[in-house]
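Hi,

Here is the structure I promised to send over. Have a look at it first, and then read on for my notes on what turned up in it.

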Amino acid sequence: MNKPKKSLGQNFLIDNNIINKIIAISNIPNNNIVEIGPGTGNLTKKILENKPKSLILIEKDRKLSNDLKLALANQKNLKIFNEDILKFQLEDHIIEDSIIVGNLPYNISSQILAKLIKFQTWPPKYKKLILMFQKEVADKILAKHKSSSFGRLTVLTNARLKVSDSFNVSENCFYPIPKVKSTVLVFEPILNKEFKVQNISNLEKITHIFFSKKRKMINKAFSTLFKQPKLVAEKIKIDLSLRPNQISESQYYKITEYFEKNYKF
């Protein structure tokens, strides 16, 4: 087996029960599939056994990518990209109605999710995401407002995605065994036309301003964003003495909507 690289956050999924569970919820047959970080190809082989319409693999590790190209040389409708997913123009290569799966590297999993949320065209070309995260990150995505785990990742995710399924994965299902538990989350795009934020990147920037001082009252963040913070707070009916995790997702969307109408970064 290939020696995992710590620098790339590699923990290979080796448990067949979990692989089969992911396959069961992925609806592979006759669908266009994208796999992020296939690694040694344990999940990839099962995907191919289920006869997808097409398969795109994105693997940053050059050796693993070359190994996959050799092992899967006879496969039709397969493309393998030796690319960094964070720099790769995925939106340009993905096929309409794709399903994206991935055992994501722990160290960049939230960045990968943010990239998928920030697709320029919405609804996106994918219809489902099945992604593995460190459990602590998954808990932040699933958090309710007013809880300690509620943060910018929660707000950003809920703006465009809904979680339709989830299950936990033991650390013993990987090689090498990580020091943390994992969670698989299944997302579907929200096609809600009432969402008025024009540029999702603005929401990302605004939540960064708020949650970079998450223990402080939000009056500081309002002063950073607006010339007349008290007036803006009155208009959108938000109490400036609250902390960032005490504001709901819909209130963050209102803040962003107001900002977009009157200011720009």
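Let me start with a pair of helices near the beginning of the numbering. In helix 1, the residues Ile19, Asn20, Ile22 and Ile23 touch Asn42, Leu43, Lys46 and Ile47 of helix 2. Sorted by class, that contact has 5 nonpolar, 2 polar and 1 charged residues. Helix 1 covers residues 16-26 and helix 2 covers residues 42-49, and their axes sit 10 Å apart at an angle of about 45°. That angle is neither under 35 nor in the range 65 to 115 degrees, so the two helices count as oblique to each other. The crossing of helix 1 and helix 2 is right-handed.

Before going further, please keep in mind that this is a predicted model.

Two residues from that first contact come up again in the next item, the cavity. The count of cavities of 30 Å³ or more comes to 1, and the largest cavity holds about 50 Å³ of space. Which residues line the largest cavity? The lining is made up of Leu13, Ile22, Leu43, Val101, Gly102, Asn103, Ile130, Leu131, Met132 and Val184, so you will recognise Ile22 of helix 1 and Leu43 of helix 2 from the contact above. Strand 5 (98-103) and strand 6 (126-134) are the elements that each give two or more residues to this lining. By class, the lining has 8 nonpolar and 2 polar residues, and no charged ones.

Next, helix 7, which has two helix partners worth a look. With helix 8, how do the axes run? Helix 7 (residues 152-160) and helix 8 (residues 200-211) have axes that come within 9 Å and cross at roughly 160°. Since an angle over 145 degrees counts as roughly antiparallel, that is how helix 7 lies relative to helix 8. This crossing is right-handed too. On the helix 7 side the contact uses Arg152, Val155, Leu156, Ala159 and Arg160, while helix 8 brings in Ile200, Leu203, Glu204, Thr207, His208 and Phe211. Those residues split into 6 nonpolar, 2 polar and 3 charged.

The other partner is helix 11 (residues 249-262), whose axis comes within 10 Å of that of helix 7, with a crossing of roughly 85°. That falls between 65 and 115 degrees, so helix 7 is roughly perpendicular to helix 11. Here Thr154, Val155, Asn158 and Ala159 of helix 7 meet Glu249, Tyr252 and Tyr253 of helix 11. The class count for this contact is 4 nonpolar, 2 polar and 1 charged. Val155 and Ala159 are among the helix 7 residues that touch helix 8, and both also take part in the contact with helix 11.

Finally, some backbone details to check while you have the model open:

- Trp122 to Pro123 is a cis peptide bond, with omega near 5°. Pro123 sits in the loop between helix 5 (109-117) and strand 6, and strand 6 is one of the strands that line the largest cavity.
- Tyr175 and Pro176 are also joined by a cis peptide bond, where omega is about -10°. You will find Pro176 in the loop between strand 8 (174-175) and strand 9 (182-189).
- Asp97 is not a glycine, yet its phi is positive, at about 65°. Asp97 belongs to the loop between helix 4 (90-93) and strand 5, and strand 5 is the other strand named for the cavity lining.

Cheers

Methods: Residues numbered from 1 in each chain as written. Predicted model: local features only at pLDDT ≥ 70, side-chain atom pairs only at ≥ 80, totals over all residues. Heavy atoms only, no water. Axes fitted to C-alpha atoms, helices over the stretch in contact; angles between N-to-C directions. Helix = DSSP H or I, 4+ residues; strand = E, 2+ residues; numbered from the N terminus. Left-handed = near helix turned anticlockwise from the far one by under 90°. Contact = heavy atoms within 4.5 Å. Nonpolar A, V, L, I, M, F, W, Y, C, P; charged D, E, K, R; others polar. 1 Å grid on protein atoms, 1.4 Å probe; cavity = no way out; pocket = protein on both sides within 12 Å on 5 of 7 lines; lining within 4 Å. Points joined across faces, edges and corners; volume = space filled by probe spheres on them.
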